[in-house]
Amino acid sequence: MLYDFDLYEKLKSLLPETLQKPKMIAFLQTLFKPLETLKTNFLGFFEEARRLAHLNGQATTMQTILNDLYDPTLRRIRIADTDTYFYAFTLYPEEPQKYLSEITDVFIYDDYSDTYDTDFVVFTFYGSPNPEDTIEQIRFFVAKYTIAGKTFAIINF
């Protein structure tokens with residue numbers, strides 16, 4: 001990578017040979033330490049910006065990024081189309097309708113397509129103290145990367 005170089009080797013190569021003594025090099029390394037920290041922070045930012053620049057509205061990439069950001073260990077966030085679910089059963093007429101997923105892990109949940117009229121759904125699993133804040137962050141993130149005119153709903157389990 002263009003920005004990934006050894007700062008101390010560069011320092012040593014630019015220093016005249018008469019000044020390349022251990023004390024002088026150690027002194028200059030202490031002066032360059034904040035610059036090394038800044039370079040490390042920049043490389044982290046650069047990789048994150050590059051990864052987000054390659055993100056598009058595809059469900060698989062968006063699902064991967066959402067899991068990386070908000071649920072890195074359990075990876076429970078799923079994105080699914082609203083037309084990939086079929087009616088399963090209801091035991092009693094007063095119960096809401098139940099659906100099964102054909103794409104992701106099997107979930108049984110209430111009918112959301114009639115209520116929200118969405119193009120896709122983001123399923124999140126949060127039991128944190130502030131799930132509303134996290135869901136709003138996910139909502140802003142998904143809205144940023146979806147194609148104009150696509151609607152979505154976030155369902156929290």
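Is aspartate 71 buried or exposed? In this predicted model, aspartate 71 is buried, with a relative accessible area of 6%, and the legends below return to this residue after an overview of the whole chain.

**View 1. The overall arrangement of helices and strands in the predicted model.** The protein contains five helices and six strands, and these elements follow one another from the N terminus in the order α-α-α-β-β-β-β-α-β-α-β. Of the 157 residues in the protein, 31% are buried. When contacts between residues at least 6 apart in sequence are considered, 54% of them join residues at least 24 apart.

**View 2. The open sheet formed by three strands.** The strands of this sheet are arranged in the order β1-β5-β6, and their pairing is mixed. Strands β1 (78–81) and β6 (152–156) stand at the edges with a single partner strand each, so one side of each has no neighbour in the sheet. From one strand to the next, the twist averages 25 degrees. Strand β1 and strand β5 (residues 120–124) run antiparallel and are joined by four bridges, and in this part of the sheet isoleucine 79 stands opposite valine 122 in β5.

**View 3. Helices α3 and α5 against the sheet.** Helix α3, which spans residues 59–70, lies across β1 and β5 and runs at about 155 degrees to β1. Helix α5 also packs on the sheet, where it touches β5 and β6, and its direction makes about 155 degrees with that of β6.

**View 4. A tilted pair of aromatic rings in helix α5.** Three aromatic pairs are found in a search of the whole structure. In the pair formed by phenylalanine 141 and tyrosine 145, the ring centres are 5.0 Å apart and the planes stand at 55 degrees, so the pair is tilted. The two residues are four apart in helix α5 (residues 131–145), and are therefore separated by about one helical turn. Both side chains belong to buried residues, since phenylalanine 141 has a relative accessibility of 10% and tyrosine 145 has a relative accessible area of 16%.

**View 5. Lysine 39 between a ring and a carboxylate partner.** The charged end of lysine 39 sits over the ring of phenylalanine 5, at 5.2 Å from the ring centre. Lysine 39 also forms a salt bridge with glutamate 36, in which the closest N and O atoms are 3.9 Å apart. Because glutamate 36 and lysine 39 are three residues apart in helix α2 (residues 22–53), about one helical turn separates them. Glutamate 36 counts as buried, with a relative accessible area of 17%, and lysine 39 is likewise buried, at 13% relative accessibility.

**View 6. A further salt bridge within helix α2, between arginine 50 and glutamate 47.** A search of the whole structure finds five salt bridges, and one of them joins the side chains of arginine 50 and glutamate 47, with an N to O distance of 3.7 Å. Arginine 50 and glutamate 47 both lie in helix α2, where they are three residues apart, or about one turn of the helix. Here both partners are partly exposed, arginine 50 having a relative accessible area of 41% and glutamate 47 a relative accessibility of 35%.

**View 7. Aspartate 71, arginine 76 and the loop residue arginine 75.** Aspartate 71, the buried residue with a relative accessible area of 6%, forms a salt bridge with arginine 76, and the closest N and O atoms of this pair are 3.0 Å apart. Arginine 76 itself is partly exposed, with a relative accessible area of 32%. Arginine 75 is placed in the loop between α3 and β1, and arginine 75 counts as partly exposed, at 30% relative accessibility. What draws attention in the backbone at this point is the phi of arginine 75, which is positive at about 50 degrees although the residue is not a glycine. As background to this value, most residues other than glycine have a negative phi.

Conventions
Residues are numbered from 1 along each chain as its sequence is written. This is a predicted model: local features need pLDDT of at least 70, side-chain atom pairs count only at pLDDT 80 or more; totals for chains, interfaces and linings use all residues. Side-chain values use heavy atoms; hydrogens and water are left out. Rings of Phe, Tyr and Trp (its six-membered ring) pair if their centres lie within 6.5 Å; planes under 30 degrees apart count as stacked, over 60 as edge-to-face and the rest as tilted. Buried means under 20% relative accessible area, exposed over 50%, partly exposed in between (1.4 Å probe, protein chains only). A charge sits over a ring if NZ of Lys or CZ of Arg is within 6 Å of the ring centre and within 35 degrees of the ring normal. Two strands pair if DSSP finds at least two bridges between them. Axes are lines fitted to C-alpha atoms, for helices over the stretch in contact, and angles run from 0 to 180 degrees between N-to-C directions. Contact means heavy atoms within 4.5 Å. A salt bridge is a side-chain nitrogen of Lys or Arg within 4 Å of a carboxyl oxygen of Asp or Glu.
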